[in-house]
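The following exercises concern strand pairing, domain contacts and nonpolar cores. Each task is followed by a worked solution.

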Amino acid sequence: MVLNFQKDISLRPFNTFGIDVKSKKFVGIQSTDELKAVIKQHQEAQLLVLGGGSNLLLTQNFEGLTIRIETRGIEIEQEDDGSARVKVAAGENWHDFVLWCLENDLGGVENLALIPGSVGASPIQNIGAYGVELSEVFESCEALSIKTGEIKIFNKVDCQFGYRNSIFKNALKGQYIITSVQFNLTKAPHQVNTSYEGLSEKLGAKSPDIQSIAQAVIDIRSAKLPDPVQIGNSGSFFKNPLIPTKQFMELQQQFPKMPHYPDQEGKIKIPAAWLIDHLGYKGYRMNDAGVHQNQALVLVNYGDASGAEIKKLAQAIKDSVMENFAINLEFEVNIL
Ligand code: EPU
């Protein structure tokens with residue numbers, strides 16, 4: 001086993017915001033055994049674990065060890081006439097995995113096409129888009145305990161999935177590194193989900209196959225969301241807030257056009273993008289930090305923005321939403 005530790009390297013290529021901060025130590029790992037060895041050698045170290053680096057805002061140099069998960073492998077473990085159980089290494093790129101499913105005609109993740117990031121990061125925030133969440137196809141994941149070095153299996157209940165949320169963002173934050181994820185996928189004829197506003201219109205009346213759904217999602221996302229390769233970003237920077245029905249009724253008097261969706265009991269989900277847009281922030285730019293001109297939920301780095309500048313903009317938006325709507329916007333992105 002040859003581990004290539006590097007010193008004082010820029011993390012710019014490893015985060016989709018393209019923020020130029022340095023990590024004191026850095027190592028890429030290609031297998032779970034390598035990961036175990038690194039963890040064992042660095043029991044006392046401060047760790048930053050990176051997958052695709054697509055849900056992260058770095059605001060300062062990192063004095064510890066950055067571990068980049070670079071494991072690969074997609075394997076059908078079990079199958080019958082109607083379904084297949086597939087095990088995927090944490091380091092696989094999420095969208096590449098979706099493409100693999102389309103090639104193999106396995107259904108369940110087509111609505112999640114083009115989400116940036118790695119497979120290992122997908123359960124942490126229970127990625128979701130166009131009416132589907134990861135939790136719907138998730139069977140289990142394997143994760144390494146940083147404390148004990150043992151692998152533990154988490155099933156769906158263990159993960160405590162919620163809207164962009166799981167146990168890995170809460171009680172177990174920073175304690176486990178996900179090494180692989182197992183999915184339950186369907187074989188044709190697939191049960192597809194075209195319920196999301198905008199997706200059904202795009203697909204027209206025909207009953208679509210999973211490949212056309214993925215294509216429609218790719219078209220919609222490409223038209224609206226910036227490609228991180230061209231303009232640094234982390235997808236939605238904020239979560240869509242849930243507010244009590246009573247508060248919504250009061251706000252509706254003042255803002256009759258405010259879009260809203262009933263959610264859990266007694267709560268209404270408001271698109272954060274609408275709130276930000278309504279305050280005039282869409283397309284706003286402060287040096288190289290900005291709000292994307294096509295989707296107000298996405299903050300962007302036009303080139304040389306620092307993490308601190310993007311954080312400052314995010315905080316200004318959060319404060320303004322609180323002042324004008326009395327709604328607390330939560331960051332979806334992890335700030336370090
Ligand atoms: N809207 C505006 N201004 C904008 C954009 C949207 O007013 O600039 C309003 C419109 O009324 C629109 C509503 O917001 O109908 C909802 O917008 P959209 O359908 O684009 O979805 P979203 O709620 O803004 C969420 C996810 C996205 C995901 C889309 C599609 C969150 C935080 N974001 O966005 O996820 O792609 O739905 O399902 O839940 C991500 O997490 O990185 C991400 C991009």
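**Exercise 1. Determine which residue stands opposite Ala 84 in S12, and describe how S12 is paired and covered.**

Step 1. Ala 84 faces Leu 185 of S12; strands here are DSSP runs of E with at least two residues, helices are runs of H or I with at least four residues, and both are numbered from the N terminus. The model is predicted, so that local features need pLDDT of at least 70 and side-chain atom pairs count only at pLDDT 80 or more, while totals for chains, interfaces and linings use all residues. Residues are numbered from 1 along each chain as its sequence is written, and side-chain values use heavy atoms, leaving out hydrogens and water.

Step 2. Strand S7 (residues 83–89) runs antiparallel to S12 and is joined to it by 7 bridges; pairing requires that DSSP find at least two bridges between two strands.

Step 3. Strand S10 (residues 138–145) is also antiparallel to S12, again with 7 bridges, and Glu 142 stands opposite Ser 180 in S12.

Step 4. Of the 11 residues in S12 (176–186), 8 are buried, that is, under 20% relative accessible area, against over 50% for exposed and in between for partly exposed (1.4 Å probe, protein chains only).

**Exercise 2. Characterise the contact between domain 1 and domain 2.**

Step 1. The division is into domain 1 (6–69), domain 2 (74–224) and domain 3 (232–335), with bounds from an automatic or database domain assignment.

Step 2. The C-alpha centres of domain 1 and domain 2 are 24 Å apart. The contact (heavy atoms within 4.5 Å) involves 12 residues from domain 1 and 13 residues from domain 2.

Step 3. About 980 Å² is buried between these two domains, 71% of it from carbon and sulfur atoms; buried area is the accessible area (1.4 Å probe) that two parts lose on being put together, summed over both. Lys 36, Ile 39 and Ile 69 supply 34% of the area that domain 1 buries against domain 2, more than any other three residues.

**Exercise 3. Identify the residues that touch the most other members of the largest nonpolar core, and trace the core's origin.**

Step 1. Phe 238, Leu 299 and Ile 317 are these residues, in a core of 43. Such a core joins buried Ala, Val, Leu, Ile, Met, Phe, Trp, Tyr and Cys residues through side-chain atoms within 4.5 Å.

Step 2. Elements giving two or more residues include strand S3 (47–50) and helix H6 (245–254). H8 gives the most, with 6 residues.

Step 3. Domain 1 and domain 3 each provide at least three residues.
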